[in-house]
Amino acid sequence: CVCVCVKGKFCSVPSRFRFLSFFLFFAFFFFAQTNFEHATRIPFMISVPGLTPGKTAGPVEAVDLFPTLVEAAAEVKLPPCPADTQKSRTTSICTEGRSLVPLLKNPQTLWQYPAFSQYERSNEAVMGYTMRSNEYRYTMWVKFDSTKAKPDFSSVVAEELYSHAEHPVPIDFNMEHTNVVGATHLKPVVEKMRAHVIKCASRPDLCGPAPDLF
């Protein structure tokens, strides 16, 4: 639980009750060491005095919490961290997330930013980049140079696409068992999501909205 002071009042923020997902043997993986929904989706609740409670279906990320609390508490918008890694490390205050204050003020705001996660297969020198929109989860596995921390998007090992057309998303484990990346009618979806991952995976916050994915 995070407690911040907003305009002289205390705001209780049960931020990210992260179920560490000690689910056993789901899709042949243990714990939360996957790119599947069960490891990347978490409850996310923020309460700000003076704002009417609401709910949004917009995909958000854990990295969005910091800039959101800063703007809600101090009415300050944090600058994005530099794209250059070394410059970013020497910047005293910056963020790689997006403030969710617009969603807090109006949960019906059109939020067209997909959520990104990644997890490696270190024994195979492969990195998995996964992107979640309202309707789909797309995952791309590519060769990865760990010494340079650099993916090779020209060397694709595998791709996955899972449909999440059902709303609300089921809370049981009966999901993401059927990889539909090869479905002919979903080829335009795969092409759009693949291009967006290649363009934005390294710094999603520096990419603009993706209306063609929503």
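Contact here means heavy atoms within 4.5 Å. With that cut-off, and leaving aside neighbours within four places in sequence, Leu161 is in contact with Tyr136, Arg137, Tyr138, Thr178, Asn179, Val180, Val181, Leu186, Val189, Val190 and Met193. The model is a predicted one, and Leu161 makes a convenient way into its core. In the largest nonpolar core, which has 20 residues, Leu161 is one of those that touch the most other members, along with Tyr129, Tyr138, Phe153, Met193 and Val197. Strands E4, E5 and E6 and helix H5 each supply at least two residues of this core. The most comes from E5, which gives 5 residues.

A look at the whole chain helps to place these elements. The protein chain has 5 helices and 6 strands, and from the N terminus on the elements follow the order β-β-α-α-α-α-β-β-β-β-α. Of the 214 residues in the chain, 39% are buried. Among contacts with a separation of 6 or more, 54% are between residues 24 or more positions apart. The accessible surface of the chain is about 12700 Å², and carbon and sulfur atoms account for 57% of this area.

Helix H5, one of the contributors to the core, spans residues 187-200. Its 14 residues should span 20 Å at 1.5 Å a residue, and the end C-alpha atoms are indeed 20 Å apart, so the expected and modelled lengths agree. Val190, Met193, His196, Val197 and Cys200 are the residues of H5 to consider next, and they are buried. These residues lie on the same side of H5, because they cover an arc of only 135 degrees around the axis. Lys187 and Lys199, on the other side of H5, are exposed. The cover over the buried residues of H5 includes strands E3 (115-121), E4, E5 (136-145) and E6 (150-163). Two of the buried residues of H5, Met193 and Val197, are also among the core residues that touch the most other members.

Strand E6 also carries a polar residue, Glu160. Glu160 counts as buried because its relative accessibility is 12%, and the cut-off for buried is under 20%. What does the side chain of Glu160 meet in polar contacts? One such contact, of 2.6 Å, is with the side chain of Trp141, and another, of 2.5 Å, is with the side chain of Tyr162. Not counting residues up to four places away in sequence, Glu160 touches Phe36, Arg137, Tyr138, Thr139, Trp141, Asn179 and Val181. Glu160 and Gly182 are 22 residues apart along the chain, and their C-alpha atoms are separated by 8.7 Å.

A buried charged residue is found in strand E4 (residues 126-132) as well: Arg132 lies in this strand and is buried, with a relative accessible area of 8%. The side chain of Arg132 is joined to that of Glu37 by a polar contact of 3.0 Å. A polar atom of the Arg132 side chain also lies 3.3 Å from the backbone oxygen of Asn134.

Two threonines in loops complete the picture. Thr34 sits in the loop between strand E2 (9-13) and helix H1 (37-40), and it counts as buried at 6% relative accessibility. A polar atom of the Thr34 side chain lies 2.9 Å from the backbone nitrogen of Phe36. Although Thr34 and Glu120 are 86 residues apart in sequence, they are 8.4 Å apart in space, C-alpha to C-alpha.

Thr95 is placed in the loop between helix H3 (85-89) and helix H4 (101-105). Is Thr95 buried or exposed? With a relative accessibility of 4%, Thr95 counts as buried. The side chain of Thr95 reaches the backbone nitrogen of Gly97 at 2.9 Å. Leaving aside neighbours within four places in sequence, Thr95 is in contact with Val63, Pro67, Leu78, Pro79, Pro80, Cys81, Arg203 and Asp205.

Key
Residues numbered from 1 in each chain as written. Predicted model: local features only at pLDDT ≥ 70, side-chain atom pairs only at ≥ 80, totals over all residues. Heavy atoms only, no water. Helix = DSSP H or I, 4+ residues; strand = E, 2+ residues; numbered from the N terminus. Buried < 20%, exposed > 50% of the residue type's maximum accessible area, 1.4 Å probe, protein only. Polar contact = N/O pair within 3.5 Å; in protein donor to acceptor, adjacent residues only side chain to side chain. Areas by Shrake-Rupley, 256 points an atom, 1.4 Å probe, with all protein chains shown as cover. Expected span 1.5 Å × (residues − 1). Arc of directions from axis to C-beta. Core = buried A, V, L, I, M, F, W, Y, C linked by side-chain atoms within 4.5 Å.
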